[in-house]
Amino acid sequence: MAYHQFDYILAIGIIFAFLDAFNIGANDVANSFSSSVSSRSLKYWQAMILAAICEFLGAVLVGNRVSDTVRKKILSVDAFEDDPTVLMLGMAIALVGSSIWLSIATTIGMPVSTTHSIIGAVIGVGIASRGADHVIWGWEGFAQIVASWFIAPCIAGAFGSIVFLIAKFGVLEIKDERRSIKNALCLIPILVFITFCVLTMLIVWKGSPNLNLDDLSAGTTVGAIFGVGGVAMVLYMIFVFPVVSRKILHNDWTLKWYDVFRGPVYWVKPLDQIPPMPEGHQITIDYYEGRRIVERAAQDISEADNKENPTKESVNSLDSSSSVEIKEEESTRLKWWKLLKAGPKKWPYLLWLIVSHGFTQDVISIQTNSKGVLAANVKGMHAKSKFYNNKVEYLFSLLQCITACTMSFTHGANDIANASGPLSTVFLVWNDQAITDTPPIWILCFTAAALVIGIWTFGYKIMSVLGNKLILQSPSRGFAIEFGTAITVVMATQLAIPVSTTQCAVGATVFVGLCNKDLKGVNWRMVTWCYLGWFITLPVAGIMSGILMGIIINAPRLGVEYVPQ
């Protein structure tokens, strides 16, 4: 029998779970697709479509596993056995505190850990309602999660830097362009195999209670993992490899993206049928477009390192666009306000403008042209990094799309728990069910939908803070970053540990940036800004939720006195 007298608590939980998931999408999406957009492997609208699909599937198919950790391994639910409605209220308040802090952080452009936020909020309400003794501080609860915050970035960085160093010395820095391309063509099918194995591992390696795959035998699980990876590699070799090989190695400028559907034809099609390439035609896009100016300024910057007045004209020549961007943003907000005042007839159009607002943003321009303390040395930082061959980068850009989707899937699987876990507890208590029961699938679908809306509306805001503001981005670097992050989150999801995807992504980015062998190739101001956000998120969310919980449960009521246990 449901606690209908507490319908309002369920309603509060649903509203703020939506807001929390919305901010997970708006704040954390940069971790999945910032590198892809920043390196020009994907256009913004392509990234948003792929993000919507992958985040939703990851959340719905695999999200319950980590949801159970957030629901049951931070607070001792046995402490609420005598009055489960207090636990119900506490989880609703945790969503309130977490979502409010995430809204503030997203507004000011601070990439924070949504995992830190909800765990801090849960601890805050636990201390306020039952005392610190009922928080699971040991290795079975909070300590394990805290340890993962420090270990996960290093693991992601190790994986990312290893992959990039293999690509760097085996492909990117080979001076003979033809040999470099051939090495890349040999390496990438192997990476395709590994990437698809990782994605399959997430689903079948005891990762998806919703698909009832937990009872698969070890042999079946291993067979599924390597089988899918093998099939993906075979399909790549049949359809994609002959097309990209002909295009990059033999300069077939006539090929289009849809030619992969008739890829086997190009295994036997004569090379002498390739028409001469028109003068000035480029086989690939310039993946470093918008940042090439710092390549010309690199020598000046090096010479000016020990001088009082370094060259400013070449390094800061793009800064003048910042004021234009500010004026455009103010104009956009004014237009939205006018449509809002115009009445309900204009509101559907207003909603569309808000949702599609991110598609009008030039993320790379925002990253490289921004002013302020955090971005003051971005162009100088880029000048310390190497610019690689665009043809080789093109091969990695194809693979980066796969790793971006893999990372997005794992992000949806892991981070959706930050919203779905507390809401599941609220619903199960309201519906008079055991906390150990599996929550209904609609909760995962609901929070996943909110996450996707957050991606589409304000995902660009945090995305523009990361990417090229941390290191010089390119498809090869982005692939290594995304692969390192994805495999780390896969491992964490298997162990049911809600790690911070933000920390994994930034850790991998920093390690890959250090592969330049130059500390100035990383924007340490932005790294410090990220760590500041992570450091203050847990206590701020915990204090907000704890104070609110304490006020509510100790508020004067007619003839009722609540005594904390």
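These legends go with a set of close-up views of a predicted model.

**View A. The largest nonpolar core, centred on Leu-395 and Phe-396.**
Start with the inside of the protein: the largest nonpolar core holds 57 residues, and Leu-395 and Phe-396 have the most contacts inside it. Quite a few helices chip in, with at least two core residues each from helix 5 (142-172), helix 6 (177-204), helix 7 (218-249), helix 14 (390-415), helix 17 (475-494), helix 18 (501-514) and helix 19 (524-553). Zoom in on Leu-395 and, once neighbours within four places in sequence are set aside, its contacts are Ile-181, Ala-184, Leu-185, Ile-188, Val-244 and Ile-248. Another core, of 32 residues, lies apart from this one; Met-88, Val-429, Met-549 and Ile-553 are among its members.

**View B. A nonpolar patch on the surface.**
Now for the outside. Trp-45, Ile-49, Ile-53 and Leu-57 make up a nonpolar surface patch, and together they have about 360 Å² of accessible area. Take Ile-49, which sits in helix 2 (residues 44-72). Its relative accessible area is 36%, so Ile-49 is classed as partly exposed rather than buried.

**View C. Thr-509, tucked into helix 18.**
Is Thr-509 buried or exposed? With a relative accessibility of 5%, Thr-509 counts as buried, because the cut-off for that class is under 20%. This residue belongs to helix 18. Leaving out neighbours within four places in sequence, Thr-509 is in contact with Leu-470, Ile-471, Gln-473 and Ile-481.

**View D. Asp-272 in its loop.**
Asp-272 is found in the loop between helix 8 (265-268) and helix 9 (293-304). Here the picture is an exposed one: Asp-272 has a relative accessible area of 68%. For a sense of distance, look at His-250, which is 22 residues from Asp-272 in sequence and 10.0 Å from it in space, C-alpha to C-alpha.

**View E. A stacked ring pair, Phe-241 and Trp-267.**
The structure has 13 aromatic pairs. In one of them, Phe-241 and Trp-267 are stacked, with 5.7 Å centre to centre and 20° between the planes. This pair ties together distant parts of the chain, since Phe-241 is in helix 7 and Trp-267 is in helix 8, 26 residues apart. The two rings differ in cover: Phe-241 is buried at 15% relative accessibility, while Trp-267 is partly exposed at 47%.

**View F. An edge-to-face pair, Trp-257 and Tyr-258.**
Why is this pair called edge-to-face? The planes of the Trp-257 and Tyr-258 rings are at 75°, so they qualify, and the ring centres are 5.7 Å apart. Trp-257 is exposed, at 67% relative accessible area, and Tyr-258 is partly exposed, at 45%.

**View G. A cluster of aromatic rings.**
Five names to look for here: Phe-18, Phe-427, Trp-430, Trp-442 and Phe-446 are linked into a cluster by ring pairs.

**View H. Lys-391 and Glu-177, a bridge between helices.**
Side chains of opposite charge can pair when their charged atoms come close. The whole structure contains five salt bridges. In this view Lys-391 bridges to Glu-177, with 3.7 Å between the closest N and O atoms. The partners come from distant parts of the chain, Lys-391 from helix 14 and Glu-177 from helix 6, 214 residues apart. Lys-391 is buried, with a relative accessible area of 16%, whereas Glu-177 is partly exposed at 36%.

**View I. Asp-259 with Arg-262, and Lys-168 with Glu-173.**
How far apart are the closest N and O atoms of Asp-259 and Arg-262? They are 3.0 Å apart in this salt bridge. Asp-259 is buried at 3% relative accessible area, and Arg-262 is partly exposed at 42%. Elsewhere, shared salt-bridge partners join Lys-168, Glu-173 and Lys-386 into one network. Within that network, the closest N and O atoms of Lys-168 and Glu-173 are 3.8 Å apart. Lys-168 counts as buried at 3% relative accessibility, and Glu-173 as partly exposed at 28%.

Definitions and conventions. Residues are numbered from 1 along each chain as its sequence is written. This is a predicted model: local features need pLDDT of at least 70, side-chain atom pairs count only at pLDDT 80 or more; totals for chains, interfaces and linings use all residues. Side-chain values use heavy atoms; hydrogens and water are left out. A nonpolar core is a set of buried Ala, Val, Leu, Ile, Met, Phe, Trp, Tyr and Cys residues joined through side-chain atoms within 4.5 Å. Buried means under 20% relative accessible area, exposed over 50%, partly exposed in between (1.4 Å probe, protein chains only). Helices (H or I, at least four residues) and strands (E, at least two) are DSSP runs, numbered from the N terminus. Contact means heavy atoms within 4.5 Å. Patches are made of residues with over 30% relative accessible area and no salt bridge: like charges are joined within 9 Å, nonpolar side chains (Val, Leu, Ile, Met, Phe, Trp, Tyr) within 5 Å. Accessible areas come from the Shrake-Rupley method with a 1.4 Å probe; for residues, only the protein chains shown count as cover. A salt bridge is a side-chain nitrogen of Lys or Arg within 4 Å of a carboxyl oxygen of Asp or Glu. Rings of Phe, Tyr and Trp (its six-membered ring) pair if their centres lie within 6.5 Å; planes under 30 degrees apart count as stacked, over 60 as edge-to-face and the rest as tilted.
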